[in-house]
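Visitor: Please show me the model, and explain the terms applied to its interior spaces.

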Amino acid sequence: VPLLVIIFTAIRFVNEEDNKILGSLGVNFIILFAATVSINRFVQLTVIQQSLPNVPADLTRFLPYGTGSVMFALEILGWGFFSSLAAVFVAPLFSSSRLNKAIRWLFILYAVFSFMSVISFATNIFIPTGPIAWGPILLVISILLSVYFRNFNKEAP
C-alpha cells in the first residue's frame with residue numbers, strides 16, 4: 001500500500017505542468033485507497049486475530065471473507081473503487097512513446113477490471129476480475145513504471 005502511494009506521487013511530479021490536476025486526482029484517490037485498505041488490515045491483524053479461534057457472534061461480520069463481511073466490503077471499496085479511480089486519472093498522463101501507451105492501456109485495463117469487482121460485489125454476481133487486476137496487471141504496470149522512471153532519470157539534466 002505505501003509503495004502505491006509513492007508510485008502515484010512520483011507519477012504526479014514527473015508529468016508536464018498542464019497535467020498536474022490529473023496526477024493530483026490520482027494521488028488523492030490512491031490515498032483514499034491506502035487509508036481504507038490499511039484500516040481494514042490493521043483491524044484484521046489486531047481485533048480479529050486476538051478474537052480467534054472463538055470469534056464472538058458480534059464479530060462474525062468483521063471476519064475477512066465471511067458472508068456479509070464488513071471488512072471485505074472495505075477491501076473492495078479500496079482496491080475496487082478508489083484504486084480504479086486513481087488509475088483512470090493517471091492513465092491519460094502516459095501518451096507519447098510506446099512504453100507510455102502500454103502503461104496507459106494497462107492502467108485503463110486495471111481500472112476496468114478493478115471496477116468490475118465492485119459491480120460483482122454489489123450485485124452478488126461472481127466475476128473474478130479483481131484478482132487479475134491486482135495481481136498480474138498491477139505487476140506488469142509496476143515493472144513498466146520502473147522502466148519509465150529509470151528512463152526519466154536518464155533524460156533529466
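Guide: Consider first the lining of the largest pocket: 10 of its residues are nonpolar, nine polar and two charged. This is a predicted model, in which local features need pLDDT of at least 70 and side-chain atom pairs count only at pLDDT 80 or more, while totals for chains, interfaces and linings use all residues. Residues are numbered from 1 along each chain as its sequence is written, and side-chain values use heavy atoms, with hydrogens and water left out.

Visitor: Why is Asn100 called buried?

Guide: Buried means under 20% relative accessible area (exposed is over 50%, partly exposed in between; 1.4 Å probe, protein chains only). Asn100 has a relative accessible area of 8%, and is therefore buried. Leaving aside neighbours within four places in sequence, Asn100 is in contact with Phe94, Ser95 and Tyr148, where contact means heavy atoms within 4.5 Å.

Visitor: What makes a space a cavity, and how many of 30 Å³ or more are found?

Guide: On a 1 Å grid over the protein atoms alone, a cavity is a set of points where a 1.4 Å probe fits but cannot get out; a pocket is an open set with protein on both sides within 12 Å along at least five of seven lines, and lining residues have an atom within 4 Å of a point. The search finds two cavities of 30 Å³ or more. The largest cavity has a volume of about 40 Å³, and the second largest about 30 Å³.

Visitor: Which residues line the largest cavity?

Guide: They are Leu4, Phe8, Ile30, Ser83, Phe107, Tyr110 and Leu138.

Notes
Nonpolar A, V, L, I, M, F, W, Y, C, P; charged D, E, K, R; others polar. Points joined across faces, edges and corners; volume = space filled by probe spheres on them.
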